[in-house]
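Visitor: I would like to learn how to read helix packing and burial in a protein model. Could you walk me through one?

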Amino acid sequence: PTISRHDYRPYPYRLPEVALQFDLDAAQTRVRSRLVFERVGDENQPLVLNGQDLDLESLALDGQALNASQYQLQDEMLTVFPKTARFTLEITSLCRPAQNSSLMGLYVSGDKLFTQCEAEGFRRITWFPDRPDVMSRYQVTLRADKERYPLLLSNGNRLQAGDLPDGRHQAVWEDPHPKPCYLFALVAGDFACREQTLRTRSGRDALLQIYSDRGSENKTQWALDCLVRSVQWDEQRFGLELDLDRFMVVAARDFNMGAMENKGLNVFNSAYVLADKDSATDPAYRAIEAVIGHEYFHNWTGNRVTCRDWFQLSLKEGLTVFRDQEFSADMLAQDLSGAEAASARAVKRIDDVSTLRIAQFPEDAGPMAHPIRPESYQEIGNFYTATVYEKGAEVIRMQHTILGEAGFRAGMDEYFRRHDGAAVTCDDFVSAMESVYVQQNPGKNLDVFRRWYSQAGTPRVKVELAYDAARKTCAVTLSQHCEPVGIEKLQSPALPKPPLHIPFALGLLDQQGRPLAIEHGGRALDTVLLELVDERQTWEFPNIPEKPVPSLLRDFSAPVIVEFERQDAELTLLAQHDPDPYARWEAVQELATRQLLALVRAFTDGGEPVVHPGLADTWRGLLRDPGLSAAYKTRILSQPTEKELLEKTSPMNPAAVVQAGRHLRGQLGQALAPLWLETYHACADDAEQYRPDPLSSGRRSLRNLCLHYLMAAAHPEAQALAAAQYYGAGNMTDRMGGLSALVHFSAGAPSQEALNHFYEQWQQDPLVIDKWFALQAGAPGTTVETVRALMLHPAFSLRNPNRARSLIFQFCMNNLQGVHTPQGYEFWAEQVMALDELNPEIAARLARAFDNWARFAAPNRDAMHDALQRIQRHPALSRNVAEIISKALKIQ
Ligand code: ARG
Ligand code: ZN
């Protein structure tokens, strides 16, 4: 059944108080709930509660037990018929954590118990109005065997703890903040804890705690440091203070996503908590910082102000991703100033834009295309997407760009002033921002901007530039257009897509690459922000002395595709001189993309694969440029990914894309070999001094890039360097860099020996073994047979999402060469079906691997279609997978 955004109706009851009592046990947990409901209107309405995989033991209304004729129990709904405006419902039910492999609701991980309730997991714990607009105060009593579960945690403050007969004990928790049930959590088990108190800005002391498996406590210092920085950053940048006496983060080995912002009791995938120099890479440290920040920032944007319904998911996710991106950027730029700080921030921006383009642009062009506020869904778990998260963050960022930092902050203050403690909509957020916008722009509003929330698809902005040499003026014309996507393609005639409000940042350079001042709005600026609100608009700039070279969409000021015809020479000029580090990177990416597409054509048609010598010259200049940081050089000198390139071929040709990438890497490796080697040595650090700071991690990333190119060029020293780096590494970043170079470029003995050595060394650390599987799954020579063999390895399990992702997902979604074969597609279909029996949410993610199957050439397309149909014919598909597969088959 499809649920539509417009079908929202308020819940007819309030539920101010919730009391829950758990008798925790892995096999069978008994939950007693006591719910006091208050009718909202004047009329008696049936009370409908959600429940899933529960046994109902007893039900009582105002103390009177109800028999089966006094309630209805069907289709995962429990309906009772109250006669009064206020009444108490008491429910006793059973659930089975050990049998719950979905990892939603109450489940077992290792020897511990965890919950995951967002979006609709609470209904697997007890019968309840499982929707975010019902907010209650919770009192929770946890009882369990004391030896097995010495620690019993839930949201809020611990009121009481004590022993019970028969080796059991209990703890009573109370959360003073009303919350929807998706923010409920409990955790039970034996944990190590690292903690610190922090004085918040109003002078309150808060206890910050990181819980992890015993034996992992030496890997939680970084996460705790990140949490401290998150608390301080939210105070400084947004004036938002921690509202709790105690803020807990607990690491779980089995977890579907990254982490969860349960009030005061965040539960994390252990991959985003545990780090030390010997087991975590630099990017892993950065990811921990981002996720710790993200979940902490949810405390205000998500928990204090939450979503009215799940169509509003981007209200909290888009906003919180924007906040975590800004946090990460500020942390990178922390000790720097001026151009160095700007370049450090740009590195984060480049990474975020790459993610958006690799994950979200294809989604927005495929069968699952949806606006950041979806109009309908079959399964909400399928809408935790790059569109809701990453494009949602871009839509918030555009509001920040339009209003400016101070204006955006004023809008946020207004948002909390209006909505603190409430469950609201995306439109409420824009209205708060609009209250600032109308002050800044009398007579204007954000009506056109709001369309970003209801329109799917990536808009294209066409740029035309007309220079008038006689008048010394430059006219810039922007026009926008957005193709029908997803379900819109089934409508004929196509519905019109009205224009959006697009902030477009523009700079102009002269023919020597010097910035030109642009007169706009009474000021002379290096960068102007053009606000495109119509289909087509022209701006004219006076006093431009010569025909300029435009620098377009600086800092990626809107999530759009720019269309502008220009020669390679202009791109080369921008690659050398654009003062906007984002646009400079973009120019280099465009040059490399053009070259790669020419190679793809050559490999497809059997032409000569020619690499333009100018490209190597540009790269040499960048590699030598003393003004660029190592981290930035790594980005600007990395080739566009195979996936991005594949999107630009038509029909999609994975084999030629892989070949083109390899060819260019080899050629650039050879052309710049002495410089790669020199840079490789220049980037060496004292390994004992490891810190995950931006400067030294930038050097490590550049050094690994150099090694990569040297290996690709089959440089005579490369293999020995890689082996020496691997065996002599003093941290995991260097170690993985060496191993990855060996595995990617030197098939055979050296690579297998290093892989065996690595496994021997790290077999006790599951997060490191994930990397070991992932490296092999993504390697060029890996085939379906290799993956099947790895699945038989004793360390492999489909039940652990991190492990499934590291092998199955990595192969099916990232190894273009390995998976795009008839056997690859068959293997994929098999794994989707196998995973679906265990964990529908994870299975549905894998099911999306070939969303764009119809854009491939015939043999691949037909084989993918067969695989999709095989899944569709499977008798017991989950709602999650069924939605994905039916859309993939129907919408192309
Ligand atoms: N709210 C979490 C976050 O973004 C994600 C939880 C999603 N859970 C799920 N089962 N889909 O931080
Ligand atoms: Zn989130």
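Guide: Gladly! Let us begin with the axes: they are lines fitted to C-alpha atoms, for helices over the stretch in contact, and angles run from 0 to 180 degrees between N-to-C directions. Two packed helices are then described by the angle between their axes and the distance between the axes. Please keep in mind that this is a predicted model.

Visitor: What are the angle and the axis distance for helix H12 and helix H14?

Guide: Helix H12 (residues 654–671) packs against helix H14 (residues 694–712) at about 100°, and their axes are 7 Å apart. Angles of 65 to 115 degrees count as roughly perpendicular, so H12 and H14 are roughly perpendicular to each other. On the H12 side, the contact is made by Arg665, Gly666, Leu668 and Gly669, while H14 brings Tyr709, Leu710 and Ala712. By class, the contact of H12 with H14 holds four nonpolar residues, two polar and one charged.

Visitor: How do helix H16 and helix H17 cross?

Guide: The axes of H16 (residues 732–745) and H17 (residues 749–762) come within 8 Å and cross at roughly 140°. H16 and H17 are therefore oblique to each other, and their crossing is left-handed. Here Leu739, Leu742 and Val743 of H16 meet Pro750, Ser751, Ala754, Leu755 and Phe758 of H17. This contact of H16 with H17 has seven nonpolar residues, one polar and no charged ones.

Visitor: Now for burial. Is Ile288 buried or exposed?

Guide: The test is a count: a residue is buried if 20 or more other C-beta atoms lie within 10 Å of its own, and exposed if 12 or fewer. Ile288 has 24 C-beta neighbours inside 10 Å, so Ile288 counts as buried. Ile288 sits in helix H2 (residues 282–298). Leaving aside neighbours within four places in sequence, Ile288 is in contact with Trp222, Ala223, Cys226, Tyr272, Val273 and Ala275.

Visitor: And what about Asp617?

Guide: Asp617 has 13 other C-beta atoms within 10 Å, so Asp617 is partly exposed. Asp617 belongs to helix H9 (residues 613–624). The C-alpha atoms of Asp617 and Ala671 are separated by 9.0 Å, although the two residues are 54 residues apart along the chain.

Visitor: Which residues have the most contacts inside the largest nonpolar core?

Guide: That core has 257 residues, and those with the most contacts inside it are Val187, Val250, Val267, Phe268, Ile288, Leu710 and Val881. Helix H5 (residues 386–419) gives the most to this core, with 11 residues. Not counting residues up to four places away in sequence, Val250 touches Leu153, Val187, Tyr211, Leu265, Val267 and Phe268.

How values were computed:
Residues numbered from 1 in each chain as written. Chains lettered and ligands numbered in written order. Predicted model: local features only at pLDDT ≥ 70, side-chain atom pairs only at ≥ 80, totals over all residues. Helix = DSSP H or I, 4+ residues; strand = E, 2+ residues; numbered from the N terminus. Parallel < 35°, antiparallel > 145°, perpendicular 65-115°, else oblique. Left-handed = near helix turned anticlockwise from the far one by under 90°. Contact = placed C-beta atoms within 7 Å. Nonpolar A, V, L, I, M, F, W, Y, C, P; charged D, E, K, R; others polar. Core = buried A, V, L, I, M, F, W, Y, C linked by C-beta atoms within 7 Å.
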